[in-house]
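This report takes up contacts between chains, helix packing, domains and strand pairing. Please keep the model in view while reading.

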Amino acid sequence: MAHKSRMHAGESRRSAVFVLPMALLAVTLVALPLIYVLGTSLVETGQSFSFGAAFTLDNYRRLLRADYLLVFWESLKLAFLTTLLSFVIGYPFAYCMARAGKRWKSLLMMLVIIPFWTSALVRIYGWKILLQANGPINAVLRGLGLIEKNIKFLGSYGSVLLAMVYCMISFMILPCHSSIDKLDVTLVEAARDLGSKPWRAFLDVTLPLTMPGILAGCVLVFVPSVGIFYLADIMGGGLVLVGNLIRDQLLKVRDWNTGSAMSMVLIFITAGIYLLYRRSGGDDLGVF
Amino acid sequence: MEEVLLSLRHIFKNFGEGDVLSDVSLDVHKGEFVTLLGASGCGKTTTLRIVSGLETPDTGEVILNGQSMTDWPPEKRPVNTVFQSYALFPHMNVEKNVAYGLKVRGVDKKTQAARVKEMLELVQMSEYAKRMPAQLSGGQRQRIAIARALAPQPQLLLLDEPLGALDLQLRRQMQIELKRLQKKLGITFIYITHDQEEAINMSDRIAVMRGGRFEQLGTPEEIYDHPATRYVAQFIGRSTLLTGTVQSMNGPLAVIKNENGRFTVDSAHAALTAGERCEVCVRTERMRASCTPVEGFDLPATVRETRYAGGSVLIYTVLADGTEVVAEGATRMCDAPQAGDRVYMHWNPAQAAVIGGTSHGA
């Protein structure tokens, strides 16, 4: 017993050696800036945060404007649609990947991973070229006689959604694939054996048992989707999202206090989603 | 014999790396307990999966009650499986697991509940209805897997090494319970095992499989007493195999000679003629070692050691050409041979078997 506890103490001392640098890094790179943002959001407009400054919630109160709320709503809606589409396309993809033979599996996995080798920005410009009015997609459609006049893809809500799904879908595919891959196929066979048609077996067994992967994928897609704004900017169409709003407050209006308050609200929304996810029994995503 | 429930006709199956099953044919009668016995990779699980519909044969037919169901999907077949890993649904409690086969077949809630209750009583697991599979022990999961497979009242129950994961004591107990259950319900069982003792204890008939074929199909007695091939003789029970040439026939008794000497065997089950080569299988517990020559036998051997084995002693001997032969003797034999002694091997000619020809590929 004594031996055991001594081992334990030694172990925790050793693990402290590894944890300390990480903790320092986290405090300086994450906690301190966040505290500064929080502080800035709590002092009056035009003032910078310092100890002993008078705190106020004015910056947050100012956010309760119909047009601001609409922007938050638009961002959440876009993030939701992105997550939904990523699931609808990504889950079947992940399923095929998990059930495919070894060679197909590695090929499909490459298709998911290769895009990470270049910047998302570059890839989105690629899409922009493909989609533009005199671009290849319109040319092909015209060549096939499907359309007479070029379609104006760019600037549409659909094109923004396309770019979002394109950038985010890997984060849905990977956790879904891992949970489908881990699923014991015998369970599906047992359901078939007991009288389920393939579709029923999928709904009764595969879907509920891969739910952890689906939830993880949803969080991994939804959370960054709420804050991303540059994709909408590149695709055009003048969609204003929370990200745009914060950028404009910080860089154009130069109202750091309101911008900070907006950032804090965004952080609270995503943290809330993550906590909800953890509460529902979701796996640790290596975040908190 | 009862009417035939299931027929497998000339089943062939190939997964791309040689035949897994080649020309498997089997008739299973109503209420019968048939065991597929064989080492791993012999094709017994594939045979079972072809019956359940989880696998389709390349050629051949699966016939149930005279109707071909070769192309039926598993959900259409009145056949249920107890999987080796139990395959209980981890997200459903015991009750929901057992009810699953009824629910998907659209049985009404009330009947479902009654049937689940009945099944749980049958396997003595009533008080565990609300538990999750993860909260059960291996033996308990086993019972639930059986209850779940029996709930939809299948005409045929397939069991894929159902006791494989249990320890010996629990295994023995479950063997008895399963056999009792099968008798009580009158359901036809096709049972897979690699344990020959289990097969002999439980089955009405055993199919010994090897390399995707049946080596022998017969009652446990037939298989034990009259192994059709060398493989069956070696796979089931402990025995000594002796080859030789038939010297003379004395009524049903054949006198056989080889380099070690001479011995006698009853050839009622194998038509032997003088001059023919044959192989004789003698079970260890039927092999005797005597200090004096016995009539009809001239098979001298040297004792290497004697080991106490509970109810008997095992006498390890070596024949003239170095063949090792183990014989059994009574524990309180006053003249128990000692190491180095010369003994004469013999047996009751009626209890030795002539192996039917040579084994496949051996």
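## Pairing and the first hairpin

Two strands count as paired if DSSP finds at least two bridges between them. The model discussed here is predicted.

In chain B, strand β11 (residues 239–250) pairs with strand β12 (residues 253–258). The sense is antiparallel, over 5 bridges. Within this pair, Val246(B) stands opposite Ile256(B) of β12(B). The two strands, β11(B) and β12(B), form a hairpin with 2 residues between them. Gly251(B) sits in the turn and has a positive phi of about 65°.

## A further hairpin on β12(B)

β12(B) also pairs with strand β13 (residues 261–266) of chain B. Again the sense is antiparallel, here over 6 bridges. Leu253(B) stands opposite Asp266(B), a residue of β13(B). Between β12(B) and β13(B) lie 2 residues, and the two strands form a hairpin.

## The five-strand sheet of chain B

Chain B holds an open sheet of 5 strands. The order is β15-β19-β16-β17-β18, and the pairing is antiparallel. Which strands stand at the edges? They are β15 (288–290) and β18 (324–330) of chain B. Each has a single partner strand, so one side of each is left without a neighbour in the sheet. On average, neighbouring strands of this sheet are turned by 45° against each other, direction ignored.

Inside the order, strand β16 (residues 300–309) of chain B meets strand β19 (residues 342–346) of chain B. These two run antiparallel and are joined by 3 bridges. One bridge pairs Ala301(B) with Val343(B) in β19(B).

## Two domains in chain B

The domain assignment splits chain B into domain 1 (4–230) and domain 2 (231–354). The C-alpha centres of these two domains of chain B lie 39 Å apart.

How many residues of each domain of chain B are in contact with the other? Domain 1 gives 13 residues and domain 2 gives 12 residues. On the domain 1 side, β9 (205–210), β10 (213–218) and α7 (220–225) of chain B each supply at least two residues. The largest share of that side, 3 residues, comes from α7(B). By class, the domain 1 side divides into 5 nonpolar, 4 polar and 4 charged residues.

## Helix packing in chain A

In chain A, helix α7 (residues 157–182) packs against helix α10 (residues 211–227). The angle is about 160°, and the axes are 7 Å apart. Angles over 145 degrees count as roughly antiparallel, so α7(A) is roughly antiparallel to α10(A). The crossing of α7(A) past α10(A) is right-handed.

Residues of α7(A) in the contact include Met164(A), Met168(A), Phe171(A), Met172(A) and Pro175(A). From α10(A) come, among them, Ile214(A), Leu220(A), Val221(A) and Pro224(A). The contact of α7(A) with α10(A) has 13 nonpolar and 5 polar residues. Charged residues are absent from this helix contact.

## Where chain B touches chain A

The contact between the chains takes 16 residues from chain B and 14 residues from chain A. On the chain B side, the elements that give two or more residues are β6 (79–82) and α2 (94–103) of chain B. By class, this side of chain B has 8 nonpolar, 6 polar and 2 charged residues.

Definitions and conventions: Residues are numbered from 1 along each chain as its sequence is written. Chains are lettered from A and ligands numbered from 1 in the order in which they are written. This is a predicted model: local features need pLDDT of at least 70, side-chain atom pairs count only at pLDDT 80 or more; totals for chains, interfaces and linings use all residues. Two residues are in contact if their C-beta atoms, placed from the backbone, lie within 7 Å. Helices (H or I, at least four residues) and strands (E, at least two) are DSSP runs, numbered from the N terminus. Ala, Val, Leu, Ile, Met, Phe, Trp, Tyr, Cys and Pro count as nonpolar, Asp, Glu, Lys and Arg as charged, and the others, Gly among them, as polar. Axes are lines fitted to C-alpha atoms, for helices over the stretch in contact, and angles run from 0 to 180 degrees between N-to-C directions. Angles under 35 degrees count as roughly parallel, over 145 as roughly antiparallel, 65 to 115 as roughly perpendicular and the rest as oblique. A crossing is left-handed if the near helix is turned anticlockwise from the far one by less than a right angle, and right-handed if clockwise. Domain bounds come from an automatic or database domain assignment.
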